Amino acid sequence: MMRLSDEIIGHLREVATWPELPPERYVVRRPIGRGGMGAVFAAHDEVLDREVAVKISNTAESGGDLDRRLRQEARVLAQLEHPGIVPVHDAGVLADGRWFYVMKLVHGETLIEHLPRLAGEAAVLSVFERIAEAVAFAHAAGIIHRDLKPSNVMVGTFGEVLVLDWGVAKVLGATRRPAPDRSGSATPRDRDDNATASGTRIGTPGFMAPEQHRGDASVAGPAADVYSLGALLFWMLIGSSPPAALDEAAHALGTAPGRPARRLRAIVVKCLAPHPDARYAHAGELVEDLARYRAGNPVAAHRESPIERAAAWFGRYRTFILLVAAYLVMRALFAFLQR
Amino acid sequence: MNKPVLGLLLGAVLGAFDGLTALISAPETQDQILGIVIGSTAKGIVVGVLVGWYASRVNSLAKGMLVGLVVAAFFAFLVALAPNPDGSHYWVEIMLPGSIVGLIVGYATQKFGRTPARA
């Protein structure tokens, strides 16, 4: 009788847990990751001959909460065609009743792994802007992410920045219209894609907005994502998530090594305001203010004094002013020597 | 504003101003000031258009400034070739400020000008 090594038995056990995808279409290659909601596998698309990622819910209970969230995530992603958001290629139901969806397989690393490679403020802002742009696109489409954090951002091999994990995303103003099931008929379970009971805490501590922390996830709007983006930018600049108290966060930004400029600090602080009304209304406003900052223009988050405005203007046109000044000095010198 | 047009306008304004400064740096040229201003403006326009055209082809601040300096210095040299009534030349008085004007135009066209759309 042949004995199998523990290694082989372990491998067989693992393979036995792999999903049974339609074999004529997808062949599972290896597990990539597993979260609370589902597992992700690398697979090969036999028809289109390409590598894909397949996300499958962790539950076998068709129509259960995890299954519903996975379906919601697939639908949200399908609505968001943006370079900063992973495209969905396909979706369906396994023989055991679990939902799955197929998406682009991203080669790269999470923002946590990528951050040490970002040298300087300009590199940090370049990546952050692309995250914020993807979220701004979602906000414009009436979708909020609700769980923005470093591990949910992927930086691809060619520098592409992708916002992942839209499983707890909320569709703003969604009507509770029945969605078709596999047979095309509506099922009662499909009716609330946003279902987040009041008191449910959605998000990640350190990156979730105060209203999410209080369990008011159902009332959290785009400003909650703005808070998370502010926390993300704080983390990218300082290396840790922001303290809960706003003045402590402002102090940490102001005293950090390589202290960010006052206007950039003001942008972060505005994002982290405890009350949603004091933040940018949506990520689009944040993107615009960041663009103003990057261009050396005044930002909405910080009211500048006349001296600061003059200094900023001088900074913006410094070389031009110095060249003109050099010319005038030279002319004055010639006039003086002439006398 | 596209780069050649910006170069033209800036060259014209700075050229005219540069010509007018002759009233201070060389008061003895007062009776010729109109010709000096017209000549200096024309020189500024030619330099500005050339530098602006270069800026629309090559997107490099350093190269744009270098070309501005060289082109302006060359045209200033041509102007300075004309001798004074006493036979002397205003080499430094014309060429040095003229070259700086070229630097300014080179910088401004690269930094603030817009590359014209190509068909």
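A residue counts as partly exposed when its relative accessible area lies between the 20% under which it would be buried and the 50% over which it would be exposed. In this predicted model, Y317(A) has a relative accessible area of 27% and is therefore partly exposed, and W313(A), with 47%, is partly exposed as well.

The rings of these residues lead into the aromatic contacts of the model, where 7 aromatic pairs are counted over all chains. One of them joins W313(A) to Y317(A) in a tilted arrangement, with 5.3 Å from centre to centre and 55 degrees between the planes. In chain B, the ring centres of F74(B) and F75(B) are 5.5 Å apart and the planes stand at 80 degrees, so this pair is edge-to-face. F74(B) is partly exposed at 47% relative accessibility, and F75(B) is partly exposed with a relative accessible area of 22%. W313(A) and Y317(A) also belong to one aromatic cluster together with F320(A), Y107(B) and F112(B).

A ring of chain A takes part in another kind of contact, since the charged end of K270(A) sits over the ring of Y280(A), at 5.2 Å from the ring centre.

Turning to helix packing, helix 6 of chain A, residues 222-238, packs against helix 7 of chain A, residues 246-255, at an angle of about 30 degrees and with the axes 10 Å apart. The crossing of helix 6 of chain A with helix 7 of chain A is left-handed. Helix 6 of chain A contributes F234(A), L237(A) and I238(A) to the contact, while helix 7 of chain A contributes A249(A), A252(A) and L253(A). By class, this contact comprises 6 nonpolar residues, with no polar and no charged ones.

Conventions: Residues are numbered from 1 along each chain as its sequence is written. Chains are lettered from A and ligands numbered from 1 in the order in which they are written. This is a predicted model: local features need pLDDT of at least 70, side-chain atom pairs count only at pLDDT 80 or more; totals for chains, interfaces and linings use all residues. Side-chain values use heavy atoms; hydrogens and water are left out. Rings of Phe, Tyr and Trp (its six-membered ring) pair if their centres lie within 6.5 Å; planes under 30 degrees apart count as stacked, over 60 as edge-to-face and the rest as tilted. Buried means under 20% relative accessible area, exposed over 50%, partly exposed in between (1.4 Å probe, protein chains only). A charge sits over a ring if NZ of Lys or CZ of Arg is within 6 Å of the ring centre and within 35 degrees of the ring normal. Axes are lines fitted to C-alpha atoms, for helices over the stretch in contact, and angles run from 0 to 180 degrees between N-to-C directions. Helices (H or I, at least four residues) and strands (E, at least two) are DSSP runs, numbered from the N terminus. A crossing is left-handed if the near helix is turned anticlockwise from the far one by less than a right angle, and right-handed if clockwise. Contact means heavy atoms within 4.5 Å. Ala, Val, Leu, Ile, Met, Phe, Trp, Tyr, Cys and Pro count as nonpolar, Asp, Glu, Lys and Arg as charged, and the others, Gly among them, as polar.
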